[in-house]
2 protein chains.
Amino acid sequence: MVTLPEDEAAHLVRVLRLKRGDAVRVFDGRGHEWRAEVAETGKKGATLRLLRRVTAAAEGGVPITLAMAVLKSDKMDDVVRDAVMLGAAGLIPLITERTEVSRGTVERGRRTERWQRVAVASAKQCGRAVVPAIAEAAVFADWIVRPAGEPLIILVEPGAEVMMLPIRRLMRPARATIAIGPEGGWTPGEIAAAAKAGAAPITLGALTLRADAAPTVALAAFRTIWEDF
Amino acid sequence: MVTLPEDEAAHLVRVLRLKRGDAVRVFDGRGHEWRAEVAETGKKGATLRLLRRVTAAAEGGVPITLAMAVLKSDKMDDVVRDAVMLGAAGLIPLITERTEVSRGTVERGRRTERWQRVAVASAKQCGRAVVPAIAEAAVFADWIVRPAGEPLIILVEPGAEVMMLPIRRLMRPARATIAIGPEGGWTPGEIAAAAKAGAAPITLGALTLRADAAPTVALAAFRTIWEDF
């Protein structure tokens, strides 16, 4: 028997309007999924009876963390939603020089908690049994000088004056982090700091990608070359 | 000297507030791009003086046409916008069995004209000198039986009962069309009709992609395996 968290119980009772005996699937956010049935619902919550463990959707072969400059308003919600759908292993919100949202705003607005809720909703929608963790927002200039301990890739604009490799030339790593800039792009200083930290600069075609679409395109491209698709 | 179309002239004068002598870049929607300067603006329009032909952003090596089930409301606008940004060579809106928008609604609402305007705006935003044509909406059942004359790929959901290949096993074609279904997915009959027409069924990972995000993911994946990225 498992007791659902309060918000999931409310969703089950008030939105889905499920009753005792109804069949559901439930996951723990760490890759485990079960068939279950509703055992009890009430004002205080909902309890499920687990019936049978099922095989959850496979995670990607190369865990990819998305380090993403915070975008304005709802756009960051969309980025989180789509990154979860594309299998991102984790998300690090970045405050960059051209980010139009300050770290204070992110912290006062409890954005990280909000994005974590968006991640849970997206996992439910796309059938993923893992909910990636959303880290606290980091300032890019501080973050980039810390050794990541894993290969770092930075997406730059097609016109950037930096040596780039076609992405299919990148060796398949055990895991990787991809950094993507805000609407106004990276500053030359940020690109230089990333290069100094050993990041591989890449571009994705000759067209300028919208900042909110870039994570989807990048994650899809890397899952393709690293053979998840 | 070139005279801008009325809506582009209005954009230049009223939104961008450019004046005589200001520098612009201009493209013809068929792959040609120039540096130019504003020669004259007035109530009737705007004229540009072409200064120098520039090399436009390269188109993809494999032209990919997106045959996309019409989605509800603004979502189809987003699909058109992102497909242009990802280099789609053309777009065919499809009316499928589970499409929630009728062909009559599409035609009465002049949606094709609207989507064509979205395509122009997206080309301007992403720096693409080619504006892909938006075809008139077609009924899937009629469209799928006509010989396409080029390889056809159909994106199906992870659970579909059909033999699928990893996309990296698909040979690089001279050109291709990718068909993607609506929010409710394809019917089994539609998948069977596509198979009969020789379409290759593919999936993109084990997670369920939102219908409005699927074209972006599919175009990114194919541009990756066909080496544009």
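A residue counts as buried when its relative accessible area is under 20%. By that criterion, 50% of the 229 residues of chain A are buried in this predicted model.

**Chain A as a whole**

Begin by selecting chain A and displaying its secondary structure. Seven helices and eleven strands should be assigned in this chain. Its C-alpha atoms occupy a box of roughly 60 × 40 × 30 Å along the principal axes. With a surface representation, chain A exposes about 11400 Å², and carbon and sulfur atoms supply 51% of that exposed area. If contacts are drawn within chain A, those with a separation of 6 or more are to be considered here: residues 24 or more positions apart account for 71% of them.

**A residue in helix α6**

Next, select residues 188–196 of chain A, which form helix α6, and centre the view on I191(A) in that helix. Is I191(A) buried or exposed? I191(A) has a relative accessible area of 17%, so it falls under the 20% limit and is buried. Leaving aside residues up to four places away in sequence, display what I191(A) touches: V156(A), A160(A), V162(A) and W186(A). One of these, A160(A), lies 31 residues from I191(A) in sequence, while their C-alpha atoms are 9.0 Å apart in space.

**The interface with chain B**

Now add chain B to the display. Here 32 residues of chain A are in contact with 32 residues of chain B. The area buried between the two chains is about 2600 Å², of which carbon and sulfur atoms give 66%. On the chain A side, select L207(A), R210(A) and F229(A), the residues that lose the most area to chain B; together they make up 27% of what that side buries.

**Polar and charged pairs**

How many salt bridges cross the interface of chain A and chain B? The rule finds four. To inspect a salt bridge, select R168(A) and E227(B), whose closest N and O atoms are 3.4 Å apart. Between chain A and chain B, eight residue pairs, both members at pLDDT 80 or more, are in polar contact.

To see which elements carry this surface, colour α2 (74–85), α4 (111–126) and α7 (214–225) of chain A, the elements that each give two or more residues to the side touching chain B. The largest share, six residues, comes from α7(A). Finally, colour the chain A side of the interface by residue class: 18 nonpolar, seven polar and seven charged residues appear there.

Definitions and conventions: Residues are numbered from 1 along each chain as its sequence is written. Chains are lettered from A and ligands numbered from 1 in the order in which they are written. This is a predicted model: local features need pLDDT of at least 70, side-chain atom pairs count only at pLDDT 80 or more; totals for chains, interfaces and linings use all residues. Side-chain values use heavy atoms; hydrogens and water are left out. Contact means heavy atoms within 4.5 Å. Buried area is the accessible area (1.4 Å probe) that two parts lose on being put together, summed over both. A salt bridge is a side-chain nitrogen of Lys or Arg within 4 Å of a carboxyl oxygen of Asp or Glu. A polar contact is a pair of N or O atoms within 3.5 Å; within protein, one must be able to donate a hydrogen and the other to accept it, and residues adjacent in sequence count only if both atoms are side-chain atoms. Helices (H or I, at least four residues) and strands (E, at least two) are DSSP runs, numbered from the N terminus. Ala, Val, Leu, Ile, Met, Phe, Trp, Tyr, Cys and Pro count as nonpolar, Asp, Glu, Lys and Arg as charged, and the others, Gly among them, as polar. Buried means under 20% relative accessible area, exposed over 50%, partly exposed in between (1.4 Å probe, protein chains only). Accessible areas come from the Shrake-Rupley method with a 1.4 Å probe; for residues, only the protein chains shown count as cover.
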